[in-house]
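Me: I'd like to go through this model and ask how each label was earned. Could you set the values against the cut-offs for me?

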Amino acid sequence: SDDNSRRRYDRGDDVGSSTSSTSSSSSSSSYQWHFQRQQWRTVQLKDKLEVKQAQARVLHVVSLDQLRTIMLDDNDRLERGLLICFYTPKLEEMVTDKLVFPYPFAGMSPQHIWWEDLLQTVSIRFHRSNDLSRYFNIPNGDEMT
């Protein structure tokens with residue numbers, strides 16, 4: 001490096017790049033160095049747009065009556081399929097970040113299937129036994145880990 005480049009660097013000018021000239025007996029060439037700090041970050045499934053969109057479509061149900069209202073037609077028959085996830089507060093992070101429930105079964109599929117026409121996704125967060133957990137024979141929250 002030449003003295004001018006060193007002085008510019010010491011002053012903070014052109015930090016990250018330097019321009020130098022070298023000359024030989026017959027030709028002169030100029031080159032420039034660019035330094036860029038790159039951080040490589042692994043994109044996790046939970047961070048993808050389609051996963052966030054699917055998770056935003058989940059219905060959070062708190063009672064059996066609410067589930068019946070959502071899922072049954074006027075003749076008390078299912079209007080569409082049901083994908084349901086029961087979890088305790090301890091398991092919430094695993095369900096949302098690792099299992100990424102309900103992805104890929106909510107929103108628009110890559111095959112252009114609108115999942116809500118066929119399937120309703122529901123999550124139920126609970127601490128202890130309630131009418132929903134008893135109806136589906138799920139152990140109380142204290143027994144689940």
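Reply: Happy to! A residue is called buried under 20% relative accessible area, exposed over 50%, and partly exposed in between. Keep in mind that this is a predicted model.

Me: Then why is Phe 136 called partly exposed?

Reply: Its relative accessible area is 29%. Partly exposed is the range between the 20% and 50% cut-offs, so Phe 136 is partly exposed at 29%.

Me: What makes Tyr 135 exposed?

Reply: Tyr 135 has a relative accessible area of 52%. Exposed means over 50%, so Tyr 135 counts as exposed.

Me: And why does Ser 133 count as buried?

Reply: The cut-off for buried is under 20%, and Ser 133 has 0% relative accessibility, so it is buried. Ser 133 belongs to helix 5, residues 131-135. Leaving aside residues up to four places away in sequence, Ser 133 touches Phe 86, Phe 126, Arg 128 and Ile 138.

Me: What makes Tyr 135 and Phe 136 an edge-to-face pair?

Reply: Two values decide that. The ring centres must lie within 6.5 Å, and planes over 60 degrees apart count as edge-to-face. Tyr 135 and Phe 136 are 5.1 Å apart centre to centre, with 85° between the planes, so both conditions of the definition are met. This pair is one of four aromatic pairs in the structure. Tyr 135 and Phe 136 also form one aromatic cluster with Phe 86 and Phe 126.

Me: How do you know that the charged end of Arg 68 sits over the ring of Tyr 135?

Reply: For an arginine, CZ must be within 6 Å of the ring centre and within 35 degrees of the ring normal. The charged end of Arg 68 is 5.8 Å from the centre of the Tyr 135 ring, which is within the distance limit. I have no angle to quote for you, but Arg 68 is listed as sitting over the ring.

Me: How do you know that the buried residues of helix 3 are on the same side?

Reply: In helix 3, residues 64-71, the buried residues include Leu 64, Leu 67 and Met 71. They cover an arc of only 60° around the axis, and that puts them on the same side of helix 3. Asp 65 and Thr 69 are exposed on the other side. The cover over the buried residues of helix 3 includes strand 4 (81-87), strand 5 (119-125) and helix 5.

Me: What makes strand 3 and strand 4 the edge strands?

Reply: Let's start with the sheet. It is an open sheet of three strands in the order 3-5-4, with parallel pairing. Strand 3 (59-60) and strand 4 each pair on one side only, and they are the edge strands.

Me: How do you know that strand 5 pairs with strand 3 and with strand 4?

Reply: A pair needs at least two bridges. Two bridges join strand 3 to strand 5, and strand 4 and strand 5 have seven, so each count satisfies the definition. Within strand 5, Ser 123 stands opposite His 60 and also opposite Cys 85. Val 122 in strand 5 is the bridge partner of Ile 84.

Me: Why is strand 5 described as largely enclosed?

Reply: Six of its seven residues are buried, so strand 5 is largely enclosed by the rest of the structure. For the protein chain, buried residues make up 24% of the 145 residues.

Note on methods:
Residues are numbered from 1 along each chain as its sequence is written. This is a predicted model: local features need pLDDT of at least 70, side-chain atom pairs count only at pLDDT 80 or more; totals for chains, interfaces and linings use all residues. Side-chain values use heavy atoms; hydrogens and water are left out. Helices (H or I, at least four residues) and strands (E, at least two) are DSSP runs, numbered from the N terminus. Buried means under 20% relative accessible area, exposed over 50%, partly exposed in between (1.4 Å probe, protein chains only). Contact means heavy atoms within 4.5 Å. The arc is that of the directions from the helix axis to the C-beta atoms. Rings of Phe, Tyr and Trp (its six-membered ring) pair if their centres lie within 6.5 Å; planes under 30 degrees apart count as stacked, over 60 as edge-to-face and the rest as tilted.
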